[in-house]
Amino acid sequence: MGEEWKRSMSEPLATGKAYRFDQSFVAASSIAQQYYCEAKVEQSYVHGDIPSEAKEAGTSLHEEVLAMEKVELKDLVERIEKAPLLTASFGVHGRILDVDVAGMPDAVVFEKSVPRWVIELKTTKGDPTRLWDDQLVQVRVYGLLLEKMGFDCSKMWLALVRWRQEDVRGPRKEEMLSRITRSLMRGETKELEARFGMRFFLFRHDAGEAERAVAWAQGYWLGRRGAVPSSSPGKCKICEYSAICPYSLVKFSLDSAAERRALPRNTWGTGPDSSSRTSGSSSPVRK
Ligand code: SF4
């Protein structure tokens with residue numbers, strides 16, 4: 001493997017370019033969420049994040065399972081080079097088609113300094129056996145960013161691990177990441193699925209698939225089109241923005257003006273460029 005990945009890891013991310021909402025890069029997680037409901041991504045930038053008990057529970061479980069030793073970048077580079085097997089989480093970034101994209105995968109497993117697995121853990125209150133497009137897009141984009149950074153991704157696979165929140169309890173959850181890693185490296189995940197009720201979705205890294213996902217998503221960030229709302233009433237029903245979203249398919253009996261006042265103010269900021277782009281020139285089409 002060449003040295004390019006070392007340079008990429010220490011390169012600053014800021015590009016000076018401005019996408020919608022004055023973002024200097026597009027978050028891989030936002031691209032993923034566009035595949036759930038693009039209007040929701042827009043609502044989150046305009047109105048800010050709306051906390052919920054379920055979201056907070058999910059985040060804290062996620063952090064507990066993925067807890068890792070914090071090291072300096074120099075140490076991380078050295079460990080990637082020298083450790084026979086290493087699991088790490090770090091920022092990945094690169095240019096995909098016409099946009100600069102960045103994100104932080106939950107874990108990347110290196111064997112002899114070559115990435116073998118990108119792992120995304122998703123805790124859910126619903127059915128862990130169901131695969132969602134947005135989650136697949138997220139892990140695919142992380143894979144492509146690793147490739148763009150110069151890592152040898154020819155033997156890399158992607159693992160989307162879905163786990164029911166109620167099954168994540170228990171004193172041993174801190175050990176789960178190393179169990180998952182060992183199982184993936186052995187090619188044996190059935191035991192963990194049977195014992196802990198999790199579900200593994202495994203895919204070979206595919207740069208073309210990741211690029212195709214970004215090709216549609218970038219149109220929104222480049223101001224070429226407006227946000228596309230979901231066509232699923234079920235998604236609108238559980239959406240924290242449904243009382244204020246102009247595309248909501250659920251009618252609320254609550255006074256919408258009161259709802260608006262209760263919402264947090266925009267914490268992201270919108271520049272003159274973004275507001276003109278936000279209005280969009282094309283009518284949104286439901287996905
Ligand atoms: S209410 Fe429906 S269309 Fe609007 S952001 Fe939420 S999920 Fe999307």
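**View 1. Pairing of β2 with β5 at one edge of the five-stranded sheet.** In this predicted model, strand β5 (residues 107-111) and β2 run antiparallel and are joined by 4 bridges. Within this pairing, the residue that stands opposite Thr-87 is Val-109 in β5. The two strands belong to an open sheet of 5 strands, whose order is β2-β5-β6-β7-β8 and whose pairing is mixed. Its edge strands, each of which pairs on one side only, are β2 (85-88) and β8 (198-204). When direction is ignored, neighbouring strands of this sheet are turned by 20° against each other on average.

**View 2. Helices α5 and α6 against the five-stranded sheet.** Helix α5 packs on the sheet through β5, β6 (114-124) and β7 (157-164), all of which it touches, and the direction of α5 makes about 155° with that of β6. Helix α6 (residues 176-186) lies across β2, β5, β6 and β7, and its course runs at about 50° to β5.

**View 3. The three-stranded sheet and its hairpin.** A further open sheet, this one of 3 strands, has the order β1-β4-β3 and again shows mixed pairing, with β1 and β3 as the edge strands, each of which pairs on one side only. Strand β1 (residues 26-27) and strand β4 (residues 99-103) run parallel and are joined by 2 bridges, and in β4 it is Ala-102 that serves as the bridge partner of Ala-27. The residue Ala-102 in β4 is also the bridge partner of His-93. On the β3 side, strand β3 (residues 92-96) pairs with β4 in the antiparallel sense over 5 bridges, and Arg-95 stands opposite Asp-100 in β4. The strands β3 and β4 form a hairpin with 2 residues between them, and in the turn Leu-97 has a positive phi of about 55°.

**View 4. Helices α5 and α8 across the three-stranded sheet.** Helix α5, described above for its packing on the five-stranded sheet, also lies across β3 and β4, where it runs at about 85° to β3. Helix α8 lies across β1, β3 and β4, and its direction runs at about 110° to β4.

**View 5. The crossing of α5 with α8.** The axes of helix α5 (residues 133-148) and helix α8 (residues 207-221) come within 9 Å and cross at roughly 115°, and the two helices are therefore roughly perpendicular to each other. The crossing of α5 and α8 is left-handed. On the α5 side the residues that meet α8 are Val-137, Arg-140, Val-141, Gly-143, Leu-144 and Glu-147, while α8 contributes Ala-207, Glu-209, Ala-210, Glu-211, Ala-213 and Val-214. By class, the residues of this contact of α5 with α8 divide into 7 nonpolar, 1 polar and 4 charged.

**View 6. The crossing of α2 with α5.** The axes of α2 and α5 come within 8 Å and cross at roughly 150°, which makes α2 roughly antiparallel to α5. The crossing of α2 and α5 is right-handed. From α2 the contact draws on Ala-28, Ser-29, Ile-31, Ala-32, Gln-33, Tyr-35 and Tyr-36, and from α5 on Asp-133, Asp-134, Gln-135, Val-137, Gln-138, Val-141, Tyr-142 and Leu-145. The contact of α2 with α5 comprises 9 nonpolar, 4 polar and 2 charged residues. Val-137 and Val-141 of α5 take part in this contact with α2, and both residues are also listed among those of α5 that meet α8.

**View 7. The shell around the ligand.** Of the 14 residues around the ligand, those that come nearest are Cys-37, Pro-229, Cys-236, Cys-239 and Cys-245. At least two residues of the shell are supplied by each of α2 (28-47) and α9 (233-237), and α2 gives the most to the shell, with 4 residues. By class, the residues of the shell around the ligand divide into 8 nonpolar, 4 polar and 2 charged.

Key. Residues are numbered from 1 along each chain as its sequence is written. This is a predicted model: local features need pLDDT of at least 70, side-chain atom pairs count only at pLDDT 80 or more; totals for chains, interfaces and linings use all residues. Axes are lines fitted to C-alpha atoms, for helices over the stretch in contact, and angles run from 0 to 180 degrees between N-to-C directions. Angles under 35 degrees count as roughly parallel, over 145 as roughly antiparallel, 65 to 115 as roughly perpendicular and the rest as oblique. A crossing is left-handed if the near helix is turned anticlockwise from the far one by less than a right angle, and right-handed if clockwise. Two residues are in contact if their C-beta atoms, placed from the backbone, lie within 7 Å. Ala, Val, Leu, Ile, Met, Phe, Trp, Tyr, Cys and Pro count as nonpolar, Asp, Glu, Lys and Arg as charged, and the others, Gly among them, as polar. A residue is near a molecule or strand if its C-beta atom, placed from the backbone, lies within 6 Å of it. Two strands pair if DSSP finds at least two bridges between them.
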